[in-house]
Amino acid sequence: MRGGHLPHVGLGVPLYPAGHSLIVFLLVFGVTSLVARRVVLELLGWLSHILIDIFTHSFRYYATRFLWPVSDYRFNGIPWWTPWFWCCTYGALAIVYFLLWRKGWLRASIE
Ligand SMILES: [Zn+2]
């Protein structure tokens, strides 16, 4: 160790593409569903994360290697931190939150 820093173990390199791969997702989803003897719908949040990341990362920053380890193909999406895109994202979240609040669907989750 130099200068009090932790040693670099390089776990982030394989874990990031593995965690953002549709192939890895399908394998884990399939095995988990077989073991659980049901379709594990809870894992669909992971799938939605991958699908969103494909279109919200650019070649400049962590373009999603969604076919890893078979292919390094990446899509040059709109970076999520682009100001107009960021405003649209949070605007959409605010609208959905407002609609959920107006319908009274948020009260049940607080109780
Ligand atoms: Zn991600």
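**Helix α4 and its surroundings**

Helix α4 has 21 residues, which at 1.5 Å a residue should span 30 Å, and its end C-alpha atoms are 30 Å apart, in agreement with that figure. The expected span is taken as 1.5 Å times one less than the number of residues in the helix. This is a predicted model, in which local features need pLDDT of at least 70 and side-chain atom pairs count only at pLDDT 80 or more, while totals for chains, interfaces and linings use all residues. Residues are numbered from 1 along each chain as its sequence is written.

Helix α4 is hardly covered: the count of buried residues among its 21 residues is 0. Here a residue is buried if 20 or more other C-beta atoms lie within 10 Å of its own, exposed if 12 or fewer do, and partly exposed in between, with C-beta atoms placed from the backbone. After α4 comes glycine 104, with a positive phi near 80 degrees.

The protein as a whole contains 5 helices and 0 strands, in the order α-α-α-α-α from the N terminus. These elements are DSSP runs, numbered from the N terminus: helices are H or I with at least four residues, strands E with at least two. Of the 111 residues in the protein, 7% are buried. Among contacts with a separation of 6 or more, 31% come from residues 24 or more positions apart; two residues are in contact if their C-beta atoms, placed from the backbone, lie within 7 Å.

The loop between α3 (44-56) and α4 (83-103) holds proline 69. The peptide bond leading to proline 69 from tryptophan 68 is cis, with omega near 5 degrees. Tyrosine 62 also lies in the loop between α3 and α4. Its phi is positive, near 50 degrees, although tyrosine 62 is a residue other than glycine. Tyrosine 62 counts as partly exposed because it has 15 C-beta neighbours inside 10 Å.

Another positive phi in a residue that is not a glycine, about 60 degrees, belongs to arginine 37. Arginine 37 sits in the loop between α2 (22-36) and α3, and is exposed, since 7 other C-beta atoms are within 10 Å.

Confidence is given by pLDDT, the predictor's confidence in each residue, from 0 to 100. The mean pLDDT of the protein is 89, and 85% of its residues reach 70 or more. Among the elements, α2 has the highest mean pLDDT, 98, and α5 (residues 107-110) the lowest, 61. Where pLDDT is low, the predicted coordinates should not be read in detail.
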